[in-house]
Amino acid sequence: MKTPTRAARAFPFSAIAGQDEMKLALLIAAIDPSVGGVLVFGDRGTGKSTAVRGLAALLPRVPMVDLPLGATEDRVVGALNLERALAEGVKAFEPGLLARADRGFLYVDEVNLLEDHLVDLLLDVAASGENVVERDGLSVRHPARFVLVGSGNPEEGELRPQLLDRFGLSVEVRTPPDVATRVEVMRRRDAFDREPETFCRGWRREDGKVRARVEDARERLPRVDAGDGVLEGVATLCQKVGTDGLRAELTVFRAARALAALENSPCIGPNHVRRVAPPALRHRLRRDPLDEAGSTPRIERALAEVYPA
Amino acid sequence: MNDHSACAAALLAVDPRGLGGASLRARPGVERDAWIDTLVRLMPGRVACRRIPSNVGDGRLLGGLDLAATLRAGRLVEERGLLAECDGGVAILAMAERASPGMAASLACAMDSGRVAVARDGLERSHHARFLLVALDEGAEPDEQPPAVLLDRVAFHLAPGLEDAPWRADDIAEARRRLPRVSADDAALQALAQAAIALGIGSQRAELLALRAARAHAALQGRIAIEPIDLEVAAHLVLGPRATRIPSPSPPPPPNAPDEAEQNGGEQERAEALQETIVEAAQASLPPGLLGMAGPTASSRGGKAGRSGPALRNGIRGRRIGARRGELQRGARVDLVETLRAAAPWQALRRRARTGRRIVILPQDLRLSRHEAKRRSTAIFVVDASGSAALHRLAEAKGAVLLMLADCYVRRDEVALVAFRGSAADLLLPPTRSLVRAKKCLTALPGGGGTPLAAGLDAAFSAALGARRAGASPLVVLLTDGRANVARDGRPDRASAEAEADQAGTLFVRHAVPSVLVDVSPQPRPQACRLAVAMGARYAPLPRAGAADIAGTVAIEMARHADSLRPA
């Protein structure tokens, strides 16, 4: 069967102006998939899907599967191959999108519009790393280790809070308020639209550098040490902001380790924890969802207490 | 209102992919048809127009299995969806204000990528879907608008009038050839970005679309450099209608002014002057309601996603949750794809046994759709924002509503917001699950003025019936001190105002609309209690119960009513 082709030319990842936290979260997930999925929520037109597709183009050996809107469950988990069943009377398994996303990324744009039962299913498989299919008289299981990346706009409806904390990292993207960044975004996008080949050629070196950094970081990851007191610091931090469960601590730790690997540092330092804590924790806090300031300031305060400047 | 709509059509014809399309806010009529005719006439070559009804299902929109053909042929036959059929042409979305969020997202995705990916019914395909979108917006109320994801992606939001388009298809073809060479300098980019910020436009797509519109305009005028007039037209057509605030008279200097100004002072001044003319041009096309609206409310109304789509599609209640083996009974719905899937493995065998039929389906293959019949709950908050309540405890009432909203959010219930003050009641927020929007509406709600309690009850009642028609079970949560002093006709007359309120309350009993009355006065008075009795409402005085208790009461009520309405 034909598979959807990747967009002919993606906007280069390294050419995305601003939105540093989103880019960092995606790179961390690429370095250490065990961090868990990435949720990108925020304003329209901030380049959420551009960044994900850019990352896919950056890492050509890593599969990036798009979950199209309106996809039915049979195509997601896999099902009986109708074509062969009809023509040859053969009962064969036709793998779905989950099989193709193995060892790569599964991207769901407008994740808040996806049927709840499909989101549950994706998160279950992402957590267990295995897809179990029991349907059409078939009984199949296959590995499906992937990083789930979801994006959406909260004005279309929020994600169920029960699902939020099952994503490893959560990023909030806002339209940059300053003229300089907005002009830069416009300039680059315009240049890309007009002459995509030339534009991409211009950024190839930068993209190559990012790719090399990610590949080196993956290589280095197992050798990164937890620095002195890092584990204690992470535990204190999580306790201070009131997240329950081990998952929060593990995510902060793993994300900090991936960041240390990305920056070629031999061990995890407070600086790494400080930068990954907001995306790793903000969606896990028991919070009043109407609290204007959101949970980020609470994390910042706790960070300042745990790691005094 | 919009005096450049013919020009917008010409610009779309010059750069259809770059500009995305247009939204036409108009009743069906000559103006609208004429505008579409102009657009089609100007597009070089023959261009097909394809109509997309706003209630079309995913199967038809995206494509999927052609069951009839599959059964006939005995092999998988694909049915192309509307999006793929629109490739190379104009997609006309009828009644765009009714489009569901899911449908809007599919259209938006196709507009972004120029393709439609299908992963349905055992098929996986990807097709070209490069089209120009014309969204027909027939919304009557200010908050009835096409989904924001679509408005964000079409360059022009027009209210077309009858205008002559002084261009011919040849001019457009010429402009298209010139378009790739049209260049924009930094001053133009800077001016557009600053104007977008001054007008409170949140999405960066706006300035990018404005830039493309300016470029198309320059090409249409036979130039290869963007001039101020191109930017003015672009600002008028693209930025103005998206404004969420009226810019302050003198725009603030850009933050990077100091060092750059020293280097090229003339350049900087020129950019500032340019920006001022652009903002002025945009101001001629501000959205109609902007002047009368409080700032934040304007933007939250702009964020309306088409939520009013019918909840009960094809007479099927609830979300489809799968298929089961079963026999055909009255009211059962056959799931054709699953039935086919069940029959498929046996075809080779059965064909040997019976001749003449390509596909043999036996009763044991039948699969029926299962639907989850759970009803949505819609909490309609009715807030008394009048002077008497505001004096007392509008702030606390807001706090209580916020708590209850948070609770609804956790249970995925919808909320709607009605407020009454002065002489009338408004449905500030139609039923939505978006907490962000509910909150924006509530915080922007001013207090003061008379108390048209009956008008508030009327508005709540019609919102409740609306929710019921859409398949949800409504619960009205009224926050008031029960004191009315403005009659339905707007006269300040306490006696008739209170009589009318009681009378309006009886409608709730008669139509079995469940309600809770939260008495917000510091010393509960008989009026509120009497109204609660008239409405058949549960009475909860706020002073005794804290806001959290009230949120709890409402949660229990909602669960109770949703259960009692759930079909067995």
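# Why these words? A short tour

Visitor: What makes both faces of β5(B) count as covered?

Guide: Look at where its residues point: B:V90 and B:I92 lie on one side, B:A91 and B:L93 lie on the other, and all of them are buried. Please keep in mind that this is a predicted model.

Visitor: How do you know that β5(B) pairs with β8 (residues 132-137) of chain B?

Guide: Four bridges join β5(B) to β8(B), and the two run parallel. Pairing asks for at least two bridges, so β5(B) and β8(B) count as paired. One place to look is B:L93, which stands opposite B:A135 in β8(B).

Visitor: And what links β5 (residues 90-93) of chain B to β2(B)?

Guide: Four bridges again, also with the strands running parallel. Here B:R51 is opposite B:I92 of β5(B).

Visitor: Which strands belong to the open sheet in chain B, and in what order?

Guide: There are five, in the order β2-β5-β8-β1-β9 of chain B, with parallel pairing.

Visitor: Why are β2 (49-52) and β9 (156-158) of chain B called edge strands?

Guide: Each of them pairs on one side only. From one strand to the next, the sheet has an average twist of 20 degrees.

Visitor: How do you know that B:I197 is buried?

Guide: We count its neighbours: 22 other C-beta atoms lie within 10 Å of B:I197. The cut-off for buried is 20 or more, so B:I197 qualifies. You will find B:I197 in helix α10 (residues 186-198) of chain B. Its C-alpha atom is 9.0 Å from that of B:P247, although the two are 50 residues apart along the chain.

Visitor: Why is helix α1 (residues 5-14) of chain B described as largely enclosed?

Guide: Because 10 of its 10 residues are buried, the rest of the structure largely encloses α1(B). Among the buried residues are B:S5, B:C7, B:L11 and B:V14.

Visitor: How much of chain B counts as buried?

Guide: Of its 568 residues, 52% do. Chain B has 23 helices and 17 strands. Of its contacts between residues at least 6 apart in sequence, 79% join residues at least 24 apart.

Visitor: Now chain A. What makes β6(A) and β7(A) a hairpin?

Guide: The two strands have two residues between them. Strand β6 (residues 130-135) and strand β7 (residues 138-143) of chain A pair in the antiparallel sense over six bridges. Six bridges satisfy the requirement of at least two, so the strands count as paired. A:R135 has A:L138 in β7(A) as its bridge partner. In the turn, A:D136 has a positive phi of about 50 degrees.

Visitor: At what angle do the axes of α1(A) and α2 (residues 48-58) of chain A cross?

Guide: They cross at roughly 40 degrees, and the axes come within 11 Å. The crossing is right-handed.

Visitor: Which residues of α1(A) and α2(A) meet?

Guide: A:M22, A:K23, A:L26 and A:A30 in α1(A) meet A:A51, A:V52 and A:L55 in α2(A). By class, six residues of this contact are nonpolar, none are polar and one is charged. Lys counts as charged, so A:K23 is the charged residue here.

Visitor: How is chain A divided into domains?

Guide: Domain 1 covers 13-174 and domain 2 covers 222-306. Their C-alpha centres are 24 Å apart. Where the domains touch, domain 1 of chain A contributes 17 residues and domain 2 of chain A contributes 14.

Visitor: Which element gives the most to the side of domain 1 of chain A that touches domain 2 of chain A?

Guide: That is α1(A), with five residues. On this side of domain 1 of chain A, 10 residues are nonpolar, four polar and three charged.

Visitor: Finally, how many residues does the contact take from chain B and from chain A?

Guide: It takes 61 residues from chain B and 58 residues from chain A. On the side of chain B that touches chain A, the largest share, six residues, comes from helix α7 (residues 101-113) of chain B. That side of chain B has 30 nonpolar, 16 polar and 15 charged residues.

Key: Residues are numbered from 1 along each chain as its sequence is written. Chains are lettered from A and ligands numbered from 1 in the order in which they are written. This is a predicted model: local features need pLDDT of at least 70, side-chain atom pairs count only at pLDDT 80 or more; totals for chains, interfaces and linings use all residues. Two residues are in contact if their C-beta atoms, placed from the backbone, lie within 7 Å. A residue is buried if 20 or more other C-beta atoms lie within 10 Å of its own, exposed if 12 or fewer, and partly exposed in between; C-beta atoms are placed from the backbone. Domain bounds come from an automatic or database domain assignment. Axes are lines fitted to C-alpha atoms, for helices over the stretch in contact, and angles run from 0 to 180 degrees between N-to-C directions. A crossing is left-handed if the near helix is turned anticlockwise from the far one by less than a right angle, and right-handed if clockwise.
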